[in-house]
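Welcome! Here is a friendly briefing for anyone meeting this structure for the first time. Take a look at the sequence and the model, then read on.

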Amino acid sequence: MKKISLAVALLTLLTATAFRPVLTEAPRTTVAAEPVKLSWEMLRDVTFKKKWYPEESVYMLYPTFGPSVQKLNGKPVELTGYVLPVDLESNLYVLSAFPYSACFFCGGAGPESVVSLKFKKGGRKFKTDERRTFHGTLKLNADNIYELNYILADAEVVE
């Protein structure tokens, strides 16, 4: 009797599972995150302290990034500003909240008002004070004194 009950149970189990459709997992598509529309006001979430840098024998401003900016580190962002050439031969540009006459380098604005543009593809030339929107990955820099505090890596023009 036990053998018959066991056989019926196995037969029922096999019948129930034999005709089930095979479920395959749909391929996952990686969707690139939409860039955060960054504003210059958002980049002001930073404070600066004077710090001595012995390698250059100079005091410089050391940034402490606020929580809202820290959340954006390594994230895709989009930012509009004025393009300022730093070195045309090396394709080095800065995006500024202000035009050249009022920028960080000449007009007394703070270091939080400029972003270094590290282009995904080089070659394109920009005019001074050309107002453009760029997208890329925001990088925060507190330790490399030869770079700006904000870097837009893999930067591309938004047409």
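What follows is a short tour, from the whole chain down to single residues. Please keep in mind that this is a predicted model. The protein chain has 159 residues, and 33% of them are buried. Its secondary structure comes to 2 helices and 8 strands.

**The chain as a whole**

- Following the sequence, you meet the elements in the order α-β-β-β-α-β-β-β-β-β.
- Among contacts with a separation of 6 or more, 58% are between residues 24 or more positions apart.
- The chain has an accessible surface of about 11,000 Å², and carbon and sulfur atoms hold 59% of that surface.

**Salt bridges**

- Side chains of opposite charge can pair when their charged atoms come close.
- In this model the count comes to 6 salt bridges.
- One of them joins Glu-78 and Lys-37, with 2.7 Å between the closest N and O atoms. Glu-78 sits in strand β4 (residues 76-87) and Lys-37 in strand β1 (residues 36-37), so this pair ties together parts that are 41 residues apart in sequence.
- The two partners differ in their surroundings: Glu-78 counts as buried because its relative accessibility is 14%, under the 20% cut-off, while Lys-37 is exposed because its relative accessible area of 60% is over 50%.
- Another salt bridge pairs Lys-118 with Glu-147, and here the closest N and O atoms are 3.0 Å apart. This pair links distant parts of the chain, since Lys-118 belongs to strand β6 (residues 114-119) and Glu-147 to the loop between β7 (130-140) and β8 (150-157), 29 residues apart.
- Lys-118 is partly exposed, at a relative accessible area of 28%, and Glu-147 is partly exposed too, at 27%.
- Glu-130 and Arg-132 form a further salt bridge, their closest N and O atoms being 2.9 Å apart. Shared partners join Arg-124, Glu-130, Arg-132 and Glu-159 into one network of salt bridges.
- Within that pair, Glu-130 has a relative accessible area of 19% and is therefore buried, as the limit is 20%. Arg-132, at 21%, is partly exposed.

**The largest pocket**

- The volume of the largest pocket is about 470 Å³. Its lining has 22 residues, and those closest to the centre are Ile-145, Tyr-146, Glu-147, Leu-148 and Asn-149.
- The elements that give two or more residues to this lining are β3 (58-65), β5 and β6.
- Which element gives the most to the lining? It is β3, with 4 residues.
- Sorted by class, the lining holds 16 nonpolar, 3 polar and 3 charged residues.

**Asn-149, close to the pocket centre**

- Asn-149 is in the loop between β7 and β8, and it counts as buried at 12% relative accessibility.
- Leaving aside residues up to four places away in sequence, Asn-149 touches Phe-48, Pro-63, Phe-65, Pro-111, Lys-139, Leu-140 and Asn-141.

**Leu-92 and what it touches**

- Leu-92 lies in strand β5, which covers residues 92-96.
- Is Leu-92 buried or exposed? Leu-92 falls in between: it is partly exposed because its relative accessible area of 32% lies between the 20% and 50% limits.
- Not counting residues up to four places away in sequence, Leu-92 touches Leu-84, Pro-85, Val-86, Asp-87 and Lys-118.
- The C-alpha atoms of Leu-92 and Leu-117 are 7.1 Å apart in space, although the two residues are 25 apart in sequence.

**Two residues with a positive phi**

- Most residues other than glycine have a negative phi.
- Asp-129 is not a glycine, yet it has a positive phi of about 70°. Asp-129 is in the loop between β6 and β7, where it is partly exposed at 30% relative accessibility.
- Asp-154 also has a positive phi, near 55°, in a residue other than glycine. Asp-154 belongs to strand β8 and is partly exposed, with a relative accessible area of 44%.

Key:
Residues numbered from 1 in each chain as written. Predicted model: local features only at pLDDT ≥ 70, side-chain atom pairs only at ≥ 80, totals over all residues. Heavy atoms only, no water. Buried < 20%, exposed > 50% of the residue type's maximum accessible area, 1.4 Å probe, protein only. Contact = heavy atoms within 4.5 Å. Areas by Shrake-Rupley, 256 points an atom, 1.4 Å probe, with all protein chains shown as cover. Salt bridge = Lys/Arg side-chain N within 4 Å of Asp/Glu carboxyl O. 1 Å grid on protein atoms, 1.4 Å probe; cavity = no way out; pocket = protein on both sides within 12 Å on 5 of 7 lines; lining within 4 Å. Points joined across faces, edges and corners; volume = space filled by probe spheres on them. Nonpolar A, V, L, I, M, F, W, Y, C, P; charged D, E, K, R; others polar.
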